[in-house]
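Hi,

Here is the model I promised to pass on. Have a look at it first, and then read my notes below.

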Amino acid sequence: NEYALTIRGAYKRYGANNIVLKGLNMTLPQGTIYGLLGPSGCGKTTLLNCIVGRIDLDAGQITTKAKHRADIGYMPQDVALYSVLSIAETFLYYGRLFGMTYAQIESRTEQLIKLLELPAAKTLVEHLSGGQQRRVSFAVALIHDPQLLILDEPTVGLDPLLSQSIWEHLLKLASNGKKTIIITTHYIEEARQAHFVGLMRGGVLLCEETPTQLMITHNCDNLEQAFLQLSHKQHNAFNEEDDQEEIINYPELTKEKSKPHLNGEGWFLWSRFMAQLIKNWFFMWRNKAMMIFLLGLPLVQCTFYNLAIGHDPEGLKIAVVVDELTNGLTECLTIPKTGCTLDYPLSCRYLDKLQSRTIKVVEYQGLNEGKSAVSTNKAWGLLHFAHNYSTSLAERINLTSDASDLAIEWSQLNVWMDMSNQYIGNMLKEDLLSGYAGFLEELLSDCGWPPQSAGIPVRFEEPIYGSRHPSFIHFASPAVIVVFMFYLPLMFTVGVLLYEKMAGILERCMVAGVTALEVVVAHSVIQFVVLCLQGLLMMFIMYQVFDSPFIGNFFWTSNLLILQGLSGMCFGFLISVVSDTMNTASFMGIGTFFPLCSMSGMLWPQEGMHTLLKSIGWLLPTSLPTEAMRALTARGWGIYHPAVYKGFISSTIWIIFFCFMTRLVIKARKGLRAK
């Protein structure tokens, strides 16, 4: 007979002691249905993965009449379908992967919908019942009319009548179409309809016979009894020493790989790439909630950031004790605030100056009461004016070096601050000092003296870059955009690829011939469009709506952000191939987010970090790009400035590194399947 598949001496193990296939031999005649039976963990899935070319044997040989992946139809145990695609779009996608024409796909779609009693072609997969989804999955394996069909539990959850209809169709395919079919099933008696059955246990086939011959040989009425007898026979013959002997005598791995039994069609095929691209487009278009999230998140983040961070606090309370005013601050209402008022209480004039700076003055009767207000968080500081503060200050101004020691002492304004909040404390200190300087300048000017004598002899000219009163928002805005542009593509990439990986969709596509390069490039094209929109939205919010400084070149700035987005996307590829669950991916994403934010110069300048962190912080994916972004937007430097081109070089190197590591992980894990 002509054989569609032969396996000789197949060995495969995971780790030193976990031997899955132990010299397995298997033979499938052309045009037959082969029922592969066995308990969970016996090696069936590994064997099927070896047949479809997803796993390499450690030793042994597989020979198939099917020479290309398109000659094999594979239905995994999981449904492994895109829920947002319709039935017709699902058939179109897989048909294009197998190189079918649009006319062929349309014709096969009509045939399969009729054969498997599927709903209308425009029905989305997510709207189908579990049984209908399995029928669509079965139809995908048949769409390209393959020579060899490998079906893993195709009738699970189906109506008995429909299950029988599928078996009748499989028998017709085998007899009339000369198709060879491997089918695994938990319904052992269902396998009686197969031409041959293989009973697998412990990594070997206990027998390969027709169902009738197997039952006659073991004098049984059904296959389950025959399987039970064979299992008992193997168990009784088992010896723990045999296990150790198998490990010791396991075939040595040769450095030269044997020629694969399925011929590849290259790393990149245009038809497969376009099928991936169209599928990704449908996936994005149908997931409108996800698209709103992806485009709305940067908009909301940037808006909240500008509204919530970097603004000076207002209405801060300062406690005041004025011993020189008999009736308290009510006396200030009758005291002039302009002119040479050296004969009036000067404390009123200074306090009026402070209140114009949005500081709220609260009067207390004594020092103890004022200090208690600060200690109980009723005020952020305490100002104390001595009982003869104004006369002493006037003496100090008039007599300068001839003023008495008491006048110098009593003219001092005593301040007690709550410095537990660094930003508020420092801001109030600056307001108190600058307010006092302004108060003295106005007083000296009104009295005909040079106002410059009130300040220290240092003059700050117009800044070369930035403004006289810089804002934390302006400092952090470039870093916020860079970090968002890194993590938004990362989130999208991990979410999409890990969903496909965990659902078995990615593995099914790889069996159909899709390469990792095609997956990456097709995803990158869609991601590029998304990250361009995200970058434009963030730049519009930051630099147009909230008017952060932007004096640089838009071309180089946008290119830097796109490069940073691609870097985040490539990091997403790496997380996707390393992680098998969303929890693992979340831990990796969150675990890297905070170090990158704290060490990239987003929250604090790198110059202020610990020496050790400073020496390694610049290596992070967002550090040099952040400095390049600041140089471009706030300083207007060009691409030839070291601070700018180092950011471009850093992003490029990280992209290469992430891609290289992704390739290594895929190679080490033998593909993109979830463990």
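For the first number below, you need to know that the radius of gyration is taken over C-alpha atoms, and that the globule rule is 2.2 Å times the number of residues to the power 0.38. By that rule a compact globule of 675 residues would come out near 26 Å, but this chain has 39 Å. Keep in mind that this is a predicted model.

The overall picture

The C-alpha trace spans about 125 × 60 × 50 Å along its principal axes. I get 23 helices and 13 strands in the chain. Buried residues account for 48% of the 675. Of the contacts with a separation of 6 or more, 75% are between residues 24 or more positions apart. The accessible surface is about 33300 Å², with carbon and sulfur atoms contributing 59% of that. As for charge, there are 52 positive and 58 negative side chains, and the centres of the two sets are 10 Å apart.

S623

Have a look at helix α22, which covers residues 623-634 and is where S623 sits. S623 has a relative accessible area of 0%, so it counts as buried. What does its side chain reach? One partner is the backbone oxygen of G617, at 2.5 Å. Another is the side chain of Q606, with a polar contact of 3.3 Å. Once neighbours within four places in sequence are set aside, S623 is in contact with M599, S600, Q606, G617 and W618.

T123

T123 is in the loop between α3 (102-115) and α4 (130-142). Its relative accessible area is 22%, so T123 is classed as partly exposed. A polar atom of the T123 side chain lies 2.9 Å from the backbone oxygen of A120. Beyond its neighbours within four places in sequence, T123 is in contact with L85, S86, I87 and L128. You can also check E89: it is 34 residues away from T123 along the chain, and their C-alpha atoms are separated by 9.6 Å.

Positive phi values

Most residues other than glycine have a negative phi, so I noted some that go the other way.

- A80 has a phi near 55°. It is found in the loop between β5 (72-75) and α2 (87-97). Is A80 buried or exposed? At 4% relative accessibility, it counts as buried.
- N377 has a phi near 65°. Its loop runs between α12 (367-375) and β12 (381-385). N377 counts as exposed, because its relative accessibility is 54% and the cut-off for exposed is over 50%.
- T400 comes just after α13 and takes a positive phi of about 45°.

Helix α13

While you are at T400, step back into α13 itself. Which residues of this helix, 389-399, are buried? They are Y389, S390, S392, L393, A394 and I397. These buried residues pack against α11 (346-355), β12, α14 (405-410) and α15 (422-446). The strand in that list, β12 (381-385), also bounds the loop that holds N377.

That's what I have so far. Over to you!

Cheers

Notes: Residues numbered from 1 in each chain as written. Predicted model: local features only at pLDDT ≥ 70, side-chain atom pairs only at ≥ 80, totals over all residues. Heavy atoms only, no water. Helix = DSSP H or I, 4+ residues; strand = E, 2+ residues; numbered from the N terminus. Buried < 20%, exposed > 50% of the residue type's maximum accessible area, 1.4 Å probe, protein only. Contact = heavy atoms within 4.5 Å. Areas by Shrake-Rupley, 256 points an atom, 1.4 Å probe, with all protein chains shown as cover. Lys, Arg positive; Asp, Glu negative; His and termini not counted. Charge placed at Lys NZ, Arg CZ, Asp CG, Glu CD. Polar contact = N/O pair within 3.5 Å; in protein donor to acceptor, adjacent residues only side chain to side chain.
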